[in-house]
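Colleague: I have this one open on my screen. Please walk me through it.

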Amino acid sequence: MTIRKALTGTFSALAVMAALGTGTASADDLKLWTLSFDSPTVVSAWKDIIKAFEAKNPGITVMMENRSTDEHKAALRVAARSDQGPDIYFMWAGLGLGGEFVNAGLSKPLDSYYAQYKWDDRLSAIAGSYSKLYPGGRHGVPYTFHGEALYYNKALFTKAGIAAPPTTYAELKADAAKLKAAGIPAFTFGGSVNWHLMRLMDAILESQCGADKHDALKAMKADWASEPCATASFKELKDWSANYTLSPFMGIDQSQSFKLFLANRAAMMLEGDWLVGQIRDAGRLADFDVFPIPTGTDRLYSFAEYYYVSSKSKAPDAAAKFLDYLLSDEVQQKYLGVIGSISVNAHVKYDNVDALNQRWLDIFAKYTKTFVNGDQAFPLNVTTEYFRVINEVASGSIAPENGGKTLQIFISANK
């Protein structure tokens with residue numbers, strides 16, 4: 001087995017081109033590009049998955065390359081413009097993230113493999129549905145389906161006199177005021193990674209606009225400048241960032257924010273089910289609990305992560321075989337709770353899970369409808385502007401009443 005360790009540092013175009021490879025790898029040497037993993041447990045699981053696959057498939061070697069999110073995107077953008085690159089690559093589902101590389105021609109349609117391996121018989125309907133978003137066939141297979149919710153520090157809630165998690169948005173704001181009165185910031189965010197604060201804005205939009213208007217805004221079918229709930233949402237974002245968020249936060253990333261959360265510096269963190277593994281690795285499972293974001297719409301904030309077969313791959317059949325193994329009942333059952341709290345495989349059984357993962361199972365069982373992250377709902381160029389406007393409203397560079405107007409000017413100019 002060969003596993004290439006994570007590349008570090010900032011990728012220049014030259015460095016990325018070198019990473020694309022000009023060596024003598026055989027046709028069945030698969031290059032798998034994915035993100036760096038925060039959890040040592042996940043790292044160990046991937047090593048075992050690759051080792052077991054190679055044992056079952058002599059002659060196929062899987063070479064994993066891990067990068068940070070921004071480095072990964074940069075490497076893929078270079079790969080899309082070259083004749084080299086990975087055989088399999090990670091990317092989130094949705095028009096704004098996975099869609100960028102589908103539109104760039106980097107993803108191979110997988111309709112024939114869906115039929116060959118009968119993936120639809122194995123995958124949960126909601127996890128597999130994202131493969132149908134793109135024109136020209138089905139792209140990618142689900143790796144995880146994640147929910148995002150509010151983790152909270154039980155001791156800090158008790159210190160602030162909060163007896164139970166809030167069930168409405170008004171109660172959430174009231175609890176934030178109680179925490180502030182007790183000298184405890186309600187939230188910690190990493191503002192240097194655009195998507196972290198975006199989660200708060202997405203949740204606010206869901207609560208202020210309701211499901212239909214929120215969807216219309218993200219689909220760019222409603223006008224951000226004239227829709228009152230959009231303006232109200234930017235005002236709420238400013239209020240949260242100014243009064244109820246651990247500061248300064250714009251200069252730190254998500255990883256640093258998590259360390260502050262573990263250090264009891266803030267009461268809540270808006271994160272996904274994957275955080276359970278990181279809390280477990282820190283030996284702190286008993287200290288935290290989780291509850292759905294109380295938006296009032298009865299929709300779960302969620303997204304899917306996918307693995308795509310590159311259109312440049314010289315071994316697409318071997319790549320599909322590896323993905324089939326990753327999606328198998330055997331692998332998904334064995335690594336349940338490590339890869340994610342809920343499996344994309346509908347055949348998986350849930351037994352002997354820890355309390356925090358059980359809370360996630362209860363949350364997943366409760367919801368039948370979802371809303372997705374802004375960076376998956378928007379196309380890439382609008383996502384970039386959405387990030388910018390959110391950051392500048394939070395930092396005070398754009399007045400909240402001008403947030404929707406600013407975003408709509410960009411949408412109208414680029415639609």
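Modeller: Contact, or touching, means heavy atoms within 4.5 Å. This is a predicted model: local features need pLDDT of at least 70, side-chain atom pairs count only at pLDDT 80 or more, and totals for chains, interfaces and linings use all residues. Numbering runs from 1 along each chain as its sequence is written, and side-chain values use heavy atoms, with hydrogens and water left out.

Colleague: Fine. What does Trp-240 touch, leaving out residues up to four places away in sequence?

Modeller: Tyr-169, Leu-172, Lys-173, Ala-176, Ala-186, Phe-187, Leu-200, Ile-204 and Thr-245. Trp-240 itself is in helix α11, residues 228-243. Helices (H or I, at least four residues) and strands (E, at least two) are DSSP runs, numbered from the N terminus.

Colleague: Is Trp-240 buried or exposed?

Modeller: Its relative accessible area is 0%, so Trp-240 counts as buried. The cut-offs are under 20% for buried, over 50% for exposed and partly exposed in between, with a 1.4 Å probe and protein chains only.

Colleague: And how far is Trp-240 from Ala-115, C-alpha to C-alpha?

Modeller: 48 Å, with the two positions 125 residues apart along the chain.

Colleague: Which domains is the protein divided into?

Modeller: Domain 1 is 27-146 + 303-366, and domain 2 is 148-299 + 373-413. The bounds come from an automatic or database domain assignment. Taken over C-alpha atoms, the domain centres are 27 Å apart. At the interface, 26 residues of domain 1 are in contact with 26 residues of domain 2.

Colleague: Where does the largest pocket lie?

Modeller: Between the two domains, because both give residues to its lining. The volume of the largest pocket is about 1,000 Å³. Its lining holds 44 residues, and those nearest the centre are Leu-35, Ser-36, Asp-38, Thr-69 and Trp-274. Helix α3 (residues 69-80) supplies the largest share, four residues.

Colleague: How is a pocket told from a cavity?

Modeller: On a 1 Å grid over the protein atoms alone, a cavity is a set of points where a 1.4 Å probe fits but cannot get out, whereas a pocket is an open set with protein on both sides within 12 Å along at least five of seven lines; lining residues have an atom within 4 Å of a point. Points are joined across faces, edges and corners, and a volume is the space filled by probe spheres set on them.

Colleague: How many cavities of 30 Å³ or more are there?

Modeller: Four in the whole structure. The largest cavity has about 70 Å³ of space. It is lined by 13 residues, with Tyr-169, Leu-172, Leu-200, Ala-203 and Ile-293 nearest the centre. Tyr-169, Leu-172 and Leu-200 also touch Trp-240. Helix α10 (194-218) and helix α9 (169-181) each supply at least two lining residues, and α10 gives the most, with four.

Colleague: What lines the second largest one?

Modeller: Tyr-143, Thr-144, Gln-332, Tyr-335, Leu-336, Ile-339, Gly-340, Ile-342, Ser-343 and Val-344 line the second largest cavity. Its volume is about 60 Å³.

Colleague: Back to packing. Which residues in the largest nonpolar core touch the most other members?

Modeller: Trp-46, Trp-119, Tyr-151, Tyr-307, Phe-322 and Leu-323, out of 74 residues. This core draws at least three residues from each of domain 1 and domain 2. Apart from it lies another core of 51 residues, including Leu-156, Leu-197, Tyr-244 and Leu-407. A nonpolar core is a set of buried Ala, Val, Leu, Ile, Met, Phe, Trp, Tyr and Cys residues joined through side-chain atoms within 4.5 Å.

Colleague: What is Phe-322 in contact with, neighbours within four places aside?

Modeller: Leu-30, Leu-32, Trp-46, Ile-49, Ile-50, Phe-53, Val-62 and Ile-88. Phe-322 is one of the buried residues of helix α14. Nine of the eleven residues of α14 (residues 316-326) are buried, so this helix is largely enclosed by the rest of the structure.

Colleague: Now Gln-278. Where is Gln-278 placed?

Modeller: In helix α13, residues 275-281. Gln-278 is buried at 12% relative accessibility. Leaving aside neighbours within four places in sequence, Gln-278 is in contact with Asp-38 and Phe-258. Asp-38 is also among the residues nearest the centre of the largest pocket.

Colleague: Last thing, backbone oddities. Which residues does a cis peptide bond join?

Modeller: Ser-247 and Pro-248, with omega about -5°. Pro-248 is in the loop between α11 and α12 (254-262). Lys-118 has a positive phi of about 55° although it is not a glycine, and it is in the loop between α5 (111-117) and α6 (119-122). Asn-264, not a glycine either, has a positive phi of about 65°. Asn-264 is in the loop between α12 and β5 (268-272), and at 39% relative accessibility it is partly exposed.
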